[in-house]
Amino acid sequence: MKDKGRVALLIGVGRNPGAEHLLPSLEATVTADLEALGASLRGSGYEVRTLLNPTRNEITAGISGFSGGAPRGSTALVYFTGHGVRIGTTDHLVPADARAPASDDPAGWEQPHVRESLLEADISRYLADCTAGTVLWVIDACRWGVDEQGAAFGSNVVAGPPHGGFAMMTSCGPGEPSGFAETGSFFTASLARAFDPLTEATTVEQVYRAAERATHALSLRALGRPQKVGLYYGNDLAERTKALEVAEGRRLLEPWQDVVRTSALWERVPAGDAEAVAHLQDCLSRLAAQAARHVHHAQQRLPDPWADDEYPVRLLTERLPQLLPKGAELSALEVTALIAGVLLHETAWADRLSQAAESRPRLVRRRPDADGRRRHYEQITEQYPQITEKLADAYSWLADPGDDRHAVTLWLVHRWIGERFGGACACRPGW
């Protein structure tokens with residue numbers, strides 16, 4: 001992937017041996033958080049560094065080194081998942097070597113040996129040498145001992161690097177804990193989805209708002225109440241920061257996962273199968289995510305200007321329901337098979353696209369070292385001699401998805417894929 005000038009430091013503290021008598025372990029949650037967010041950020045072009053269960057000194061050294069080494073003008077994201085503690089009006093993060101008072105008496109946290117073992121949530125002092133264009137500071141930490149009064153945890157942090165943009169996002173509102181399970185935090189799962197290159201959000205504002213909506217929905221479903229996410233911008237460059245592109249953005253994952261639940265095909269299932277329908281829709285949603293990633297990875301290997309991401313959506317919302325006899329009843333399993341068939345077709349198509357990438361399709365003339373797959377592709381190119389002749393200088397040009405020759409080459413690839421499926425009927429609509 002082309003370098004986007006994006007770097008990230010992910011800090012997770014799931015074990016606090018000196019504070020475990022007051023703060024429960026978050027080991028499983030933190031591990032899941034780091035894995036989920038790290039994967040999404042890498043997909044959106046970030047160079048990711050992770051600190052797991054670091055001490056206070058390791059965190060401060062890590063942030064200082066990271067911010068000072070961030071490329072000039074880059075986007076630098078710093079993220080913390082773990083426990084947070086408010087002492088007076090100041091919010092603190094709990095490192096792995098933090099100490100806690102003997103009891104949960106609020107006054108105990110004021111003891112110097114306790115307070116000095118924590119890390120203030122305001123990390124601006126560690127950003128003094130940062131030349132990144134924008135710093136994004138994300139905290140998922142308010143898990144326990146929530147203060148019902150006052151501002152949301154981390155909301156008073158508004159200072160970033162001295163000469164760049166700054167945005168701060170916190171996982172919950174005033175008086176709220178940050179909801180979580182062993183499978184991960186609701187907020188971080190939502191943030192990871194928002195940064196996912198297969199979702200539509202691209203700018204800071206879009207990514208953060210998408211995380212806000214998803215956190216609201218997850219917490220409402222799991223806890224019966226919505227969890228509010230906080231978003232705060234630095235005093236300078238706020239408008240520029242809001243509009244900054246920080247994720248790849250592609251409208252693929254959400255429509256595919258939505259349509260497997262909303263297709264009119266489900267209207268043909270008897271009402272008594274409601275419980276089975278819910279379970280099968282969950283399974284199809286996971287299959288849709290896997291299929292979307294498969295398609296995306298294949299198109300990264302060989303960009304396809306003829307790709308139609310909306311094709312499965314149209315097929316499941318319009319075409320298939322119209323083909324069924326009026327009033328025909330289907331079982332939940334039959335509808336599941338129909339929907340899964342569409343998703344598996346897209347996955348198989350992506351497999352063929354990946355195979356085409358391995359066959360060097362931009363080289364259209366016969367090659368003496370061709371294997372069976374390549375020889376089949378050469379037979380396709382020879383069926384269109386005028387096109388092949390125009391592409392004959394392909395040995396001297398580099399691949400460029402925006403080049404007309406690339407689009408023509410992929411037209412030939414589509415003909416090859418159609419035959420690999422066993423006939424012209426496998427080609428996309430409009431071919």
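**View 1. Strand β1 and the two directions of its side chains.** In this predicted model, Arg6, Ala8, Leu10 and Gly12 point one way from β1, whereas Val7, Leu9 and Ile11 point the other way, and all of these residues are buried. The strand, which spans residues 6-12, is therefore described as mostly covered, with seven of its seven residues buried, where buried means under 20% relative accessible area.

**View 2. The neighbours of β1 in the sheet.** Strands of a sheet pair through backbone hydrogen bonds, and this pairing may be either parallel or antiparallel. With strand β2, which covers residues 46-52, β1 pairs in the parallel sense over seven bridges, and in this pairing glycine 12 stands opposite leucine 52 of β2. With strand β3, made of residues 75-81, β1 likewise pairs in the parallel sense over seven bridges, and here isoleucine 11 stands opposite phenylalanine 80 of β3.

**View 3. The open sheet as a whole.** Six strands form this open sheet, and their order across it is β2-β1-β3-β7-β8-β11, with mixed pairing. At the edges are β2 and β11 (230-233), each of which pairs on one side only. From one strand to the next, the twist averages 15°. Within the sheet, β3 and strand β7 (residues 134-140) pair in the parallel sense over seven bridges, and the bridge partner of threonine 81 is aspartate 140 in β7.

**View 4. Helices α1 and α4 lying across strands of the sheet.** Helix α1, formed by residues 27-43, joins with β1 and β2 in a right-handed β-α-β unit. The same helix, α1, lies across β1, β2, β3 and β7, and α1 runs at about 170° to β2. Helix α4, formed by residues 186-195, lies across β2, β3, β7 and β8 (165-170), and α4 runs at about 145° to β7.

**View 5. The crossing of helices α11 and α13.** The axes of helix α11 (residues 372-382) and helix α13 (residues 404-420) come within 9 Å and cross at roughly 115°, and α11 passes α13 in a right-handed crossing. On the α11 side, the contact involves Arg373, His376, Tyr377, Ile380 and Thr381, which meet Thr409, Leu412, Val413, Arg415, Trp416, Glu419 and Arg420 in α13. When the residues of this contact between α11 and α13 are divided by character, five are nonpolar, three are polar and four are charged.

How values were computed: Residues numbered from 1 in each chain as written. Predicted model: local features only at pLDDT ≥ 70, side-chain atom pairs only at ≥ 80, totals over all residues. Heavy atoms only, no water. Buried < 20%, exposed > 50% of the residue type's maximum accessible area, 1.4 Å probe, protein only. Helix = DSSP H or I, 4+ residues; strand = E, 2+ residues; numbered from the N terminus. Pairing = 2+ DSSP bridges. Right-handed = clockwise from strand over helix to strand, strands pointing away. Axes fitted to C-alpha atoms, helices over the stretch in contact; angles between N-to-C directions. Left-handed = near helix turned anticlockwise from the far one by under 90°. Contact = heavy atoms within 4.5 Å. Nonpolar A, V, L, I, M, F, W, Y, C, P; charged D, E, K, R; others polar.
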